[in-house]
Structure formats: structure tokens, C-alpha cells
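I opened the model to look up its cavities, pockets and a few single residues. My entries follow in the order I made them.

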Amino acid sequence: MSLSKKISKTVEGIAEIIKNPWLLNVIINQNENWQKKTPKQYQKGFGQISLNQLFSDFDGNLDTVAFLDGGSMITDLLLLKNACLQFESCKYFEIGTWRGESIINLVNVAEDLNTLDLNVKDYKTYNFSEEYAYAHGFFIRDIPKIKQHLGDSTKFDFSGLNEKFDVIFIDGNHHFDFVVSDTKNVFEHLVHDNSIVIWHDYAFSPEKIRFEIVNAILKGTPVQYHEYLYHVENTMCAIYVPKQFSVDFLQQYNDPKQTFSVEVKINSVQ
């Protein structure tokens, strides 16, 4: 491209940003820019561990999978389920519930089940549509075993729970400041010595890391725990588990290390 064309493109770009300032956020939040901000040792993401490494007796059964937008992969849901199975009478807490697909699969493997999600007035604050707001919690309505806490996680009084949890799932707002806030609150108020913390959308896909979330996890997690942060292969999740594992690092288009057998049955929704 000639210099004159480059200058013309630059002028056009600046004019477009002046007319639409929100475009600047798009540029700033590009994944490549977040990767450049990432500490050097994490520019390939967290070390990877497999589901086999985490769970020697892996349970691959799920009761409810919607296969709809905004949900989790089958492997993400199985990660949560098997994490809960590591604890007798597991105590579980999640931030961000959406339709409730994650927690409904834990009803038979966790004893104490808790969710935190926005209430209707909070959805209005963030300009979400009414349809979007009322789609939340579809799978967990009228299930007394699940305790539903309502509120904005950046304002919620986590200390008021006065309780520690075995497995915590962070799956709320996935922008940097929110993930930092949720992570800090979890480590300050909810974890005990053996807790497992799982973050959803650490990756856009199992082979594409989301570096905004990498940076948020690092900022929100106490430094002494950074050595226990991992990416779970074949999932979109990062995990904190206070154990040492042999790791490798993500390389796109590598040959699969393992495959999964899947059986799908269709259940009608009444």
C-alpha cells in the first residue's frame, strides 16, 4: 500500500472513531493487545493439564445439555461435575447462572448448591433486554435445593455468606474489571485450603486463549497462588487447584491427545 493510501486510511479511521467513539474500545480490547499486556511467562497462557490428570476416576455422564447460545461445552460441564465429586458433601458456589445449565447438572453430586446472578433491576441497569433477563434460571426454577442469591457481584456482600466452598465457578460478566472483582472476592471470602476455583471463558475455544481473562485472573488471584493456575485441555476453562501437575502449553492445530466418546439422547421440555 502506498504512503498516500496509508495516510488516507488513517484519516478515515480517525474520522470513524470520532463519529463512533465506542469503536476505540473495540480496538483497545482486541485479543492481540491484551496478549501484549500479559506478563511474559503467561503469553502462551497457563500451563495445560488434562481432565485425566485432574480426575483419575472420570465421570462422563450429564443429564441436561441445551446446546444453545451462551452455554458451556460438554467438557466444561463435566469439569464442574468431576470437581464436585472430589469432595464429600460438596459445597458449590457459582457467579453467573444464565439458564442454570451448569448447576442443574450438579444436583446429584453436590450437597450445598448456591448461585449468584443479577436480579431484574440489575439487568435494567446494564441495559439488557427483558427477554434476556427472564431467560435466566430456566433450568433451576422451583428447585428448592439450589439457593439463588440475587445481586450485582461487584456490590454483593460475600463476607455475609460466612461460608467456605469446595468448588467455585466464576462465570459472570467476562470483562476485565468484573473478572478481577469476582476473583478477588472469591479468594478473600469463599475459598479454603483445598478449594477448587474454575473460570469459564478463559478461552474463546479450547484452542484460542482469551488474554483479557488471563490478565484478569492474574490480577485477581493472590500472587502466591499463581503457580496453581492451569488451563484444562479440551475446555474453555481455567482452574485453580492447589496441586502441582506436569504441564505443557497450547499449540494451535496440534494433533488431539485424546478423544471422547459421546452418546446423546433427546429429552423434550414440558
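**Cavities**

I began with the lining of the second largest cavity: four residues are nonpolar, four polar and one charged. This is a predicted model. I listed the lining residues as I170, G172, N173, H174, V179, D182, W199, H200 and I213. The volume of this second largest cavity came out at about 40 Å³.

Next I asked how many cavities reach 30 Å³ or more. The count is three.

I then turned to the largest cavity, with about 90 Å³ of space. Its lining has 13 residues, and nearest the centre I noted S72, T97, W98, S102 and D171. By class, I sorted the lining of the largest cavity into three nonpolar, seven polar and three charged residues.

**W98**

W98 was on that list for the largest cavity, so I looked at W98 alone. I placed W98 in the loop between β2 (91-95) and α6 (101-104). Is W98 buried or exposed? W98 has a relative accessible area of 18%, which means that it counts as buried, the cut-off being under 20%. I also checked the backbone: phi of W98 is positive, about 50°, although W98 is not a glycine.

**Second largest pocket**

I moved on to the open spaces. The second largest pocket holds about 670 Å³. I found 28 residues in its lining, with Y132, D171, G172, N173 and H174 closest to the centre. D171 was also among the residues nearest the centre of the largest cavity. G172, N173 and H174 I had already met in the lining of the second largest cavity.

Which elements each supply at least two residues of this pocket's lining? I noted β3 (112-117) and α9 (176-190). I sorted the lining of the second largest pocket into nine nonpolar, twelve polar and seven charged residues.

**Largest pocket and α5**

The largest pocket has about 980 Å³ of space. I counted 29 lining residues, and L62, D63, T64, V65 and K265 lie nearest the centre. The classes here are 18 nonpolar, seven polar and four charged.

Where does the largest share of this lining come from? It comes from helix α5 (residues 74-84), with three residues.

I followed α5 further. Why is α5 described as largely enclosed by the rest of the structure? It is because ten of its eleven residues are buried. I wrote down the buried ones: T75, D76, L77, L78, L79, L80, K81, N82, A83 and C84.

**Segment after β10**

My last stop was the segment after β10 (238-240), where I placed V264. V264 has 56% relative accessibility and therefore counts as exposed, the cut-off being over 50%. I found V264 in a nonpolar surface patch, together with F67, F260 and V262. The patch covers about 430 Å².

Y253 also sits in the segment after β10. Is Y253 buried or exposed? Y253 counts as exposed because its relative accessibility is 69%. I checked phi for Y253 as well: the value is positive, near 70°, in a residue other than glycine. I set this beside W98, where phi is about 50° and the residue is buried.

Key: Residues numbered from 1 in each chain as written. Predicted model: local features only at pLDDT ≥ 70, side-chain atom pairs only at ≥ 80, totals over all residues. Heavy atoms only, no water. Patch = residues over 30% accessible without salt bridge, like charges linked within 9 Å, V, L, I, M, F, W, Y side chains within 5 Å. Areas by Shrake-Rupley, 256 points an atom, 1.4 Å probe, with all protein chains shown as cover. Salt bridge = Lys/Arg side-chain N within 4 Å of Asp/Glu carboxyl O. Helix = DSSP H or I, 4+ residues; strand = E, 2+ residues; numbered from the N terminus. Buried < 20%, exposed > 50% of the residue type's maximum accessible area, 1.4 Å probe, protein only. 1 Å grid on protein atoms, 1.4 Å probe; cavity = no way out; pocket = protein on both sides within 12 Å on 5 of 7 lines; lining within 4 Å. Points joined across faces, edges and corners; volume = space filled by probe spheres on them. Nonpolar A, V, L, I, M, F, W, Y, C, P; charged D, E, K, R; others polar.
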